[in-house]
Amino acid sequence: MGKAKKTRNASVKRMVSKADPRLEANKVKAEAKAKKLAKAEEPRKVVQASTALFFHYNQSLGPPFHILLDTNFINFSIQNKMEIVQSAMDCLYAKCVPCITDCVLAELEKLGSKYRVALRIAKDPRFKKLRCIHKGTYADDCLVDRVMQHKCFIVATCDKDLKRRLRKVPGVPIMGITQRKYNVERMPDSNFQGTR
């Protein structure tokens, strides 16, 4: 009989599996998953909808229309030789009350002598002056905050960034200037069905 072969016992190194909880990457993933579950269980903060809105239809809009004027809207009206009150009435077929905030007046005053005609128009007694109680004089933030609080305004602006911000607020019409005429976007049609 032959000699039996001896095999060497090779010690096999044990590998740590990728799913082992002792690894740092897995700990980070587990913590992130726990945070996500905790956040899902928290009560959500739902913004209170305005009572003036019926879905996206704003019921508080009606003649006489209150129009919040922005700085650039006044400047473009002057450049296009348009009288603000008369042109707004021609656009909306109703009485209009242009409103101007302290922030817009401050912005016009900061622009200097180049915009003195716009400042003189803004101080017209037919324009309703609205007091601002917040800090700072940035007109865009002021207009957006005022429109979110009170849904009874049409915002007149030619600023693209401000229009983009206002489109996110439901029920707020935006007035602009196209081809030397005022136009209103997002105005409810049912208010004007009888006048067309």
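Here are some numbered notes on this predicted model, going from the whole chain down to single residues.

1. Start with the big picture. The protein has seven helices and eight strands. Of its 196 residues, 36% count as buried. The accessible surface comes to about 14600 Å², and 55% of that belongs to carbon and sulfur atoms. Take the contacts with a separation of 6 or more: residues 24 or more positions apart account for 64% of them.

2. Now look at helix 1, residues 24–41. From first C-alpha to last, its 18 residues reach 26 Å, close to the 26 Å expected at 1.5 Å a residue. How many of its residues are buried? The count is zero, so to speak a helix that is hardly covered.

3. Next, find the hairpin made by strand 7 and strand 8, with two residues between them. Strand 7 covers residues 174–178 and strand 8 covers residues 181–185; they run antiparallel and are joined by five bridges. If you want one pair to look for, Met175 has Val184 in strand 8 as its bridge partner. In the turn, check Gln179, which has a positive phi of about 50°.

4. Met175 turns up again when you look at Ala156, a residue of strand 6 (residues 153–156). Leaving out residues up to four places away in sequence, Ala156 touches Ile67, Leu68, Leu69, Asp70, Phe73 and Met175. Is Ala156 buried or exposed? Ala156 counts as buried because its relative accessibility is 0%, and the cut-off for buried is under 20%. You can also try the distance from Ala156 to Cys99: they sit 57 residues apart in sequence, and their C-alpha atoms are 9.9 Å apart in space.

5. Asp140 deserves a pause. You'll find Asp140 in helix 6, residues 139–149. Asp140 is buried, yet has no salt bridge. Which side chain of opposite charge is nearest to Asp140? That is Arg165, at 5.1 Å, while a salt bridge needs the nitrogen and oxygen within 4 Å. Arg165 is still in contact with Asp140, as are Asp70, Asp159 and Leu162, leaving aside neighbours within four places in sequence. Note that Asp70 is on the contact list of Ala156 too.

6. On to the salt bridges that do form. Side chains of opposite charge can pair when their charged atoms come close. A search of the whole structure finds seven salt bridges. One of them joins Lys123 and Glu109, with the closest N and O atoms 3.9 Å apart. Lys123 lies in the loop between helix 5 and strand 5 and Glu109 in helix 4, so the pair ties together parts that are 14 residues apart in sequence. Both ends are partly exposed: Lys123 has a relative accessible area of 48%, and Glu109 has 47%.

7. Another salt bridge brings you back to the hairpin. Glu185 and Arg167 meet with 2.9 Å from N to O. This pair links distant parts of the chain, with Glu185 in strand 8 and Arg167 in helix 7 (residues 160–167), 18 residues apart. Glu185 counts as partly exposed at 25% relative accessibility, and so does Arg167 at 42%.

8. Last, a small network: salt bridges that share partners join Glu83, Asp124 and Arg126. Within it, the closest N and O atoms of Arg126 and Asp124 are 3.0 Å apart. Asp124 counts as buried at 17% relative accessibility, whereas Arg126 is partly exposed at 47%.

Key: Residues are numbered from 1 along each chain as its sequence is written. This is a predicted model: local features need pLDDT of at least 70, side-chain atom pairs count only at pLDDT 80 or more; totals for chains, interfaces and linings use all residues. Side-chain values use heavy atoms; hydrogens and water are left out. Helices (H or I, at least four residues) and strands (E, at least two) are DSSP runs, numbered from the N terminus. The expected span of a helix is 1.5 Å times one less than its number of residues. Buried means under 20% relative accessible area, exposed over 50%, partly exposed in between (1.4 Å probe, protein chains only). Lys and Arg count as positive and Asp and Glu as negative; His and the chain ends are not counted. Contact means heavy atoms within 4.5 Å. Accessible areas come from the Shrake-Rupley method with a 1.4 Å probe; for residues, only the protein chains shown count as cover. Two strands pair if DSSP finds at least two bridges between them.
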